[in-house]
Amino acid sequence: MRAALLCICFILATGGDVSADDGVGSGETIVVVGRMPGDGAPDRDRALDDAPFVTIVHPDDQPATASVADALATSAGVQARSLGGPGAYESVSVRGNVPGQTEVLIDGIPLARLAAVTTDLGRFALDGFGQVELYRGAVPVDLGGAGVGGAIDMVTLLGPGAGGELASVTLGAGSFGAKLVRARYGDAYAGGRWLSSVTAGYQRATGDFPFYSTNNTPLDPHDDSTQIRRNDGYDQVDVSARLGRADRAVVGGVRVAWKDQGLPGAVSEPSLSASLSTLDVIADARGEQAAGDGLVTELGYAVVEDQHLRDPSGELGLGAETRIYRTLSAGAQTSWRGAPGEAGVELRADSFRDTDDTGEQPTVTGARAGGAVLASHDLVLAPELIVTLAARVDALRTAPAPLTVGPMALAPIPARWDVIPSPRVAVRAPVAPDVAIKGSAGWYVREPTLVELFGDRGFLLGTPTLRPEQGPSADLGAVWAPLHGVGDAIDRVMLEADGFATQPRDTIAFITTAGYVARAANIGRTESYGAEVTASARVARALSLSVAYTRVATAQLSADPNVDGREVPRTPGHLLYARGELAHAIAGHQVALWVDGTYQATSYLDPANLGEVPPRLLVGAGARVDLGARFTLALDVTNLTDLRVVDLPLSASSTMTTPVPVTDVAGFPLPGRALYLSLHWSYRP
């Protein structure tokens, strides 16, 4: 592992003599001039020109019900973790890293220091955004720059839609009581100089799907049965309004989201009455103005998150409780960007309050405040080699909230300071008009999120004494995206392949305990390395094919022989997603048929790798028909084969197996076959 890291770092750090900076590039994104326009694969220019490995997820390519987590799970290196069922809690793991290692942003506003907005990407409807950008490896410094698992930026579309539509409405219904209503209006004003966007949506489901149960006796199949998942429903409302100049020099807005969901608990310890409601309010404003030879950007934001946990029967903890959690966060950033690079300063403050609504326990509070200085500089070492040097220094003061349960309940925890630098280097070599080699290496840092420090959300328990996670990380790979395809038949093609390696210390992971409740913990040093391959092509302008494969190997490096060398919990070694879509005009109406498959290898729930989650292959299919009069009808089918039971080997050396339910890596059952029908209408003047 150390040899792999040193090798990648050496390759990235070496190059020719430094020549004068000719102004190519700005900050983290390098733009190569001279490329002729053409068809090419979607987002081809971003794949070739951006220093990081970037994947752009578009709502039009996903089912109407897709959450941000669902859509990202179709990308290389990404794995979604859920509690099972429609609308369930979903987090995202990138390159085998725990979810908190990935910076999460909305329109550039960092959310990764907050509570559930960080981890539950299932609450964000993909249709609420114009696109979602996934950065793997190096992250632009103005988007955090230091995430081991990259960054996710959910970007709101301003103005009319991609097809010029001013308004659109989507209605949907499907299995397990799923329903959806979503509307959007986007317009241009003052001769197109100002753009607006207003979206609103409502989703719900009962989530009462059947699943296979071993009755807590996996070695005795005689008492196995099919049961119905209870208390798994949800209701969700989200509204956003945004206004900005077409050149993005001034932009701002407000986003409000509310979700009320049941907390069904584990199969072995179900919860029939516990629930959690969450209200998020995010407001931000950004402005840009010229300053000398560069551009000054100023950003301010405020975030409020209120959560109400209800457990009247004491099914989640030691007794009945009703708790109210409030997270407040505010921050500001100013940065200067010019031809040589970028420099900036960030300030931020977070507070957390845990109130027992029954009055039986005192209110506890926690706070964190700090800031960062950041800088990046572009060096053009040769026409085919551009190097970006970047660094951040974060200083944070954390005053943890005391624990409210356990032997150390309400014991004060002293405040602490963390000052952590995170330097790195990123390279991009446009060796040909259609080929780019790029990579990054550096020292990455991420502080615990507030949910990891403080949270008791019924299924995620916080640990106020968590230490920041840090360590080296590197990647290196290439992108090939010919402008005019290959031959006469393939008009679009793109291939991306890269290798990566990380070795964080004080790694933070959620460890599953009794009842599948997970607690955040520093599990010591770990290492992960692997490779990603993404390929897509379109044949005869009708058949689109795509595949994303990730191989990741992880290990815990510990003095404890019971866990040393064991895999990091909840991290499958193989992830594969493949999709094929055929589109053709029939009787003047465009018709598309698609099929996809998702494979996930074995993973484990605990550091000792005793609780095993078996591998699975889920197949989906769907159809989309243009009805005319701006109406489109779509049918989506998930888990087409209705896979609900898999065979689990009794041991690594045994040929005997026992049937167990199909579960997520968190250990919660997944639904069988589900159908969803949606009708979309759009208006263009």
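In this predicted model, alanine 587 sits in the loop between strand 30 (574–586) and strand 31 (589–600). Its phi is near 55°. That value is positive, in a residue other than glycine. Most residues other than glycine have a negative phi. The relative accessible area of alanine 587 is 74%. Alanine 587 therefore counts as exposed, a class that requires over 50%.

A second alanine, at position 629, also has a positive phi without being a glycine. The angle is about 55°. Alanine 629 belongs to the loop that links strand 34 (616–628) with strand 35 (631–638). Its relative accessible area comes to 64%. This is over the 50% cut-off, so alanine 629 is exposed.

Both loops are part of a chain with 38 strands and 5 helices. The chain has 685 residues, and 53% of them are buried. Alanine 587 and alanine 629 are not in that buried fraction.

Contacts across the sequence were also counted. Among pairs in contact that are at least 6 residues apart in sequence, 65% join residues at least 24 apart. The surface was then examined for the chain as a whole. About 27000 Å² is exposed. Carbon and sulfur atoms supply 62% of that area.

How values were computed:
Residues are numbered from 1 along each chain as its sequence is written. This is a predicted model: local features need pLDDT of at least 70, side-chain atom pairs count only at pLDDT 80 or more; totals for chains, interfaces and linings use all residues. Side-chain values use heavy atoms; hydrogens and water are left out. Helices (H or I, at least four residues) and strands (E, at least two) are DSSP runs, numbered from the N terminus. Buried means under 20% relative accessible area, exposed over 50%, partly exposed in between (1.4 Å probe, protein chains only). Contact means heavy atoms within 4.5 Å. Accessible areas come from the Shrake-Rupley method with a 1.4 Å probe; for residues, only the protein chains shown count as cover.
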